[in-house]
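Q: Hi! I have a protein model open and would like to talk it through with someone. Could you help me find my way around?

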Amino acid sequence: VSQSRYTRPFYFKVVTKTLEKSDGYFSEALGLAGYEFIEYHPQEFASYFDNRGCFTQDDLAAWADIVLMEFSIREEITENQLKLHEYLKSLRLSLKNGTPTQKETLRVFSAILTKKWKEFLGFYRQNNLPLPYGAN
């Protein structure tokens, strides 16, 4: 989201609020940036949701969509969700010293992301469509 820890809160809010209006180019770049931001800064990510008045459960779901975009195009993702589970396990381990609120945020984020991934795969199976590159 930003290299500077001083400007990241601003950009986090901007990204969160503009996601639903993003176009293809913005969305593609956002997938990788969001995936890596959460991966490298899980405690900071979770801390933004400490104040429920600032960021909501819908915002958390929007960030799950950001990560889902990246997972849906990664070559190594398989239907058995192995990489998704590895990603989420890595976040949990990185957050082992986090606050109870941050751990709960990550638990909810993980549940939302896992559900969205299953729905993503289910849509393709239900409609007999080939899985997108990287999702099979």
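What follows is a chat about the helices, contacts and salt bridges of this model.

A: Happy to help! One thing to keep in mind is that this is a predicted model.

Q: Good to know. How many helices and strands are there?

A: The protein has six helices and zero strands. Following the chain along its sequence, you read the pattern α-α-α-α-α-α.

Q: And what share of the residues counts as buried?

A: The protein has 136 residues, and 42% of them count as buried.

Q: What about contacts between residues that are apart in sequence?

A: Take the contacts between residues at least 6 apart in sequence: 72% of those join residues at least 24 apart.

Q: Let's look at helices, then. At what angle do α4 and α6 pack?

A: The angle is about 50°, and the axes of α4 and α6 are 9 Å apart. That makes α4 oblique to α6. Their crossing is right-handed.

Q: Which residues make that contact?

A: From α4 you have Gln57, Leu60, Ala61, Trp63, Ala64, Asp65, Val67, Leu68, Phe71 and Ser72. On the α6 side they are Thr105, Val108, Phe109, Ile112, Leu113, Lys116, Trp117 and Phe120.

Q: How do the residues of that contact divide into nonpolar, polar and charged?

A: In the contact of α4 with α6, 13 are nonpolar, three are polar and two are charged.

Q: I'd like to zoom in on threonine 105. Which helix does it lie in?

A: Threonine 105 is part of helix α6, which covers residues 100-126.

Q: Does threonine 105 count as buried or exposed, and why?

A: Threonine 105 counts as buried because its relative accessibility is 1%, and the cut-off for buried is under 20%.

Q: What is threonine 105 in contact with?

A: If you leave aside neighbours within four places in sequence, threonine 105 is in contact with Ala46, Phe49, Arg52 and Leu60. Leu60 also belongs to the α4 side of the contact with α6.

Q: Now aspartate 65. Where does it lie?

A: Aspartate 65 sits in helix α4. With a relative accessible area of 30%, aspartate 65 is partly exposed.

Q: And which residues is aspartate 65 in contact with?

A: Not counting neighbours within four places in sequence, aspartate 65 is in contact with Leu19 and Lys116.

Q: How far is aspartate 65 from glutamate 20?

A: In sequence, aspartate 65 and glutamate 20 are 45 residues apart, while in space they are 9.9 Å apart from C-alpha to C-alpha.

Q: New topic: salt bridges. Why do they form at all?

A: Side chains of opposite charge can pair when their charged atoms come close.

Q: How many salt bridges are there in the whole structure?

A: A search of the whole structure turns up six salt bridges. One of the pairs is lysine 17 with aspartate 59, whose closest N and O atoms are 3.4 Å apart.

Q: Which parts does that pair tie together?

A: Lysine 17 is in helix α1 (residues 8-18) and aspartate 59 is in helix α4 (residues 57-73), so the pair ties together parts that are 42 residues apart in sequence.

Q: Are those two residues buried or exposed?

A: Lysine 17 is partly exposed, with a relative accessible area of 42%. Aspartate 59 is buried, and its relative accessible area is 8%.

Q: How do α1 and α4 cross?

A: Their axes come within 9 Å and cross at roughly 85°. That makes α1 roughly perpendicular to α4. The contact is made by Phe12, Val15, Thr16 and Lys17 of α1 together with Asp59, Trp63 and Ile66 of α4. By class, the contact of α1 with α4 has four nonpolar, one polar and two charged residues.

Q: Which salt bridge could I look at in α5?

A: Try glutamate 86 and lysine 83, whose side chains meet in a salt bridge at 3.6 Å, N to O. Both lie in helix α5 (residues 82-94), three residues apart, which is about one turn of the helix. Glutamate 86 is partly exposed at 41%, and lysine 83 is partly exposed at 32%.

Q: And in α6?

A: There, lysine 115 forms a salt bridge with glutamate 119, with the closest N and O atoms 3.0 Å apart. Lysine 115 and glutamate 119 are four residues apart in α6, so about one helical turn separates them. Lysine 115 counts as exposed at 53% relative accessibility, whereas glutamate 119 counts as partly exposed at 45%.

Terms used:
Residues are numbered from 1 along each chain as its sequence is written. This is a predicted model: local features need pLDDT of at least 70, side-chain atom pairs count only at pLDDT 80 or more; totals for chains, interfaces and linings use all residues. Side-chain values use heavy atoms; hydrogens and water are left out. Helices (H or I, at least four residues) and strands (E, at least two) are DSSP runs, numbered from the N terminus. Buried means under 20% relative accessible area, exposed over 50%, partly exposed in between (1.4 Å probe, protein chains only). Contact means heavy atoms within 4.5 Å. A salt bridge is a side-chain nitrogen of Lys or Arg within 4 Å of a carboxyl oxygen of Asp or Glu. Axes are lines fitted to C-alpha atoms, for helices over the stretch in contact, and angles run from 0 to 180 degrees between N-to-C directions. Angles under 35 degrees count as roughly parallel, over 145 as roughly antiparallel, 65 to 115 as roughly perpendicular and the rest as oblique. A crossing is left-handed if the near helix is turned anticlockwise from the far one by less than a right angle, and right-handed if clockwise. Ala, Val, Leu, Ile, Met, Phe, Trp, Tyr, Cys and Pro count as nonpolar, Asp, Glu, Lys and Arg as charged, and the others, Gly among them, as polar.
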